[in-house]
Amino acid sequence: MTRPPASPRAWQRMLSGRRLDLLDPSPLDVEIEDIAHGLARVARWNGQTKGPHSFSVAQHSLLVEAIAAHLNPGWSDSWRLMALLHDAPEYVIGDMISPFKVVMGDAYKGVETRLLGAIHLRFGLPAAPPALLKRKTKEADTIAAFFEATELAGFDREEALRFFGRPQALPRAVMALLEPFDTQAAQDLFLARFAALASV
């Protein structure tokens, strides 16, 4: 049963019927179908990418998890699942560009952290990811950003090197995830990857 919202301005209604309190999110109000649906419809780079489809946060999440797994082959499924879910709060709050996150400051970060904690708890993960996993996922995220920037967002290589550093080469199967999918395909692939990694 869905809990009543604490405040009419602090909650978001999902297609599942859940009402998620943005200021005090409960794991009971988190559904993977809502996450996949939302992330598949949130565009990376504010939609400023090449191709007939936007490059969604769902697809970016798949890419980051694949890079993290490539760089850290000993990771457990639960660690890989946390990498897949690293941007999951964006199903509610969208994908804000980094400079705007800096402008928003601690208020944005607090909402994002609470949402991620609720998401993790819903799926049997620790509310806060271990420091090593967080650092390694950020490395994978930065590598993903370099290739997204150069392959999709119109950055030249030198500009991307200044922003993101020099990335490691990636296997062809990982690079294939840079081809933007349509919304439904991105949603379905995200759900399939979640199912393969989750034990809940």
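**Exercise 1. Classify E139 as buried, partly exposed or exposed, then describe its salt bridge with R135.**

Solution.
Step 1. E139 has a relative accessible area of 31%, so it is partly exposed; buried means under 20% relative accessible area, exposed over 50%, and partly exposed in between, with a 1.4 Å probe and protein chains only. This is a predicted model, in which local features need pLDDT of at least 70 and side-chain atom pairs count only at pLDDT 80 or more, while totals for chains, interfaces and linings use all residues. Residues are numbered from 1 along each chain as its sequence is written, and side-chain values use heavy atoms, with hydrogens and water left out.
Step 2. The side chain of E139 meets that of R135 in a salt bridge, 3.4 Å from N to O. A salt bridge here is a side-chain nitrogen of Lys or Arg within 4 Å of a carboxyl oxygen of Asp or Glu.
Step 3. Both residues lie in helix α7, four residues apart, about one turn of the helix. Helices (H or I, at least four residues) and strands (E, at least two) are DSSP runs, numbered from the N terminus.
Step 4. R135 is partly exposed as well, with a relative accessible area of 46%.
Step 5. Elsewhere, R18, E31 and R122 are joined into one network by salt bridges that share partners.

**Exercise 2. Which residue forms a salt bridge with E148, and which with E112?**

Solution.
Step 1. E148 pairs with R44, and the closest N and O atoms are 2.8 Å apart.
Step 2. This pair links distant parts of the chain: E148 is in helix α7 and R44 in the loop between α1 and α2, 104 residues apart.
Step 3. E148 counts as buried at 0% relative accessibility, and R44 is buried at 10%.
Step 4. E112 pairs with K109, with the closest N and O atoms 3.3 Å apart.
Step 5. E112 and K109 are three residues apart in helix α6, so about one helical turn separates them.
Step 6. In this pair E112 is buried, with a relative accessible area of 12%, whereas K109 is partly exposed at 44%.
Step 7. The full count by this rule is nine salt bridges.

**Exercise 3. Which residues touch the most other members of the largest nonpolar core, and which element gives the most to this core?**

Solution.
Step 1. A nonpolar core is a set of buried Ala, Val, Leu, Ile, Met, Phe, Trp, Tyr and Cys residues joined through side-chain atoms within 4.5 Å.
Step 2. The largest such core has 57 residues, and I35, L85, Y91 and F190 touch the most other members.
Step 3. Elements giving two or more residues to this core include α1 (32-39), α3 (77-84), α6 (106-122) and α10 (183-197).
Step 4. The most comes from α2, with eight residues.
Step 5. Take L85 as a case: apart from its neighbours within four places in sequence, L85 is in contact (heavy atoms within 4.5 Å) with I32, L116, I119, F123, L125 and F190.

**Exercise 4. Where does Q59 lie, and what does its side chain reach?**

Solution.
Step 1. Q59 lies in helix α2 and, at 0% relative accessibility, counts as buried.
Step 2. Leaving aside neighbours within four places in sequence, Q59 is in contact with L177, L178, E179, P180 and F181.
Step 3. The Q59 side chain reaches the backbone oxygen of L177 at 2.7 Å.
Step 4. Q59 and D182 are 123 residues apart in sequence, and their C-alpha atoms are 9.9 Å apart in space.

**Exercise 5. Find the phi values of W45 and N46 and place both residues.**

Solution.
Step 1. W45 has phi near 60°, and N46 has phi near 55°. Each value is positive in a residue other than glycine.
Step 2. W45 is in the loop between α1 and α2, and N46 is placed in that loop too.

**Exercise 6. Describe the chain as a whole.**

Solution.
Step 1. The chain has ten helices and two strands, and from the N terminus its elements run β-β-α-α-α-α-α-α-α-α-α-α.
Step 2. The radius of gyration is 16 Å, close to the 16 Å of the globule rule for 200 residues, so the chain is as compact as a globular protein of that length. The radius is taken over C-alpha atoms, and the rule is 2.2 Å times the number of residues to the power 0.38.
Step 3. Along its principal axes the C-alpha trace spans about 50 × 35 × 30 Å.
Step 4. Of the 200 residues, 48% count as buried.
Step 5. Of the contacts with a separation of 6 or more, 64% are between residues 24 or more positions apart.

Terms used:
A polar contact is a pair of N or O atoms within 3.5 Å; within protein, one must be able to donate a hydrogen and the other to accept it, and residues adjacent in sequence count only if both atoms are side-chain atoms.
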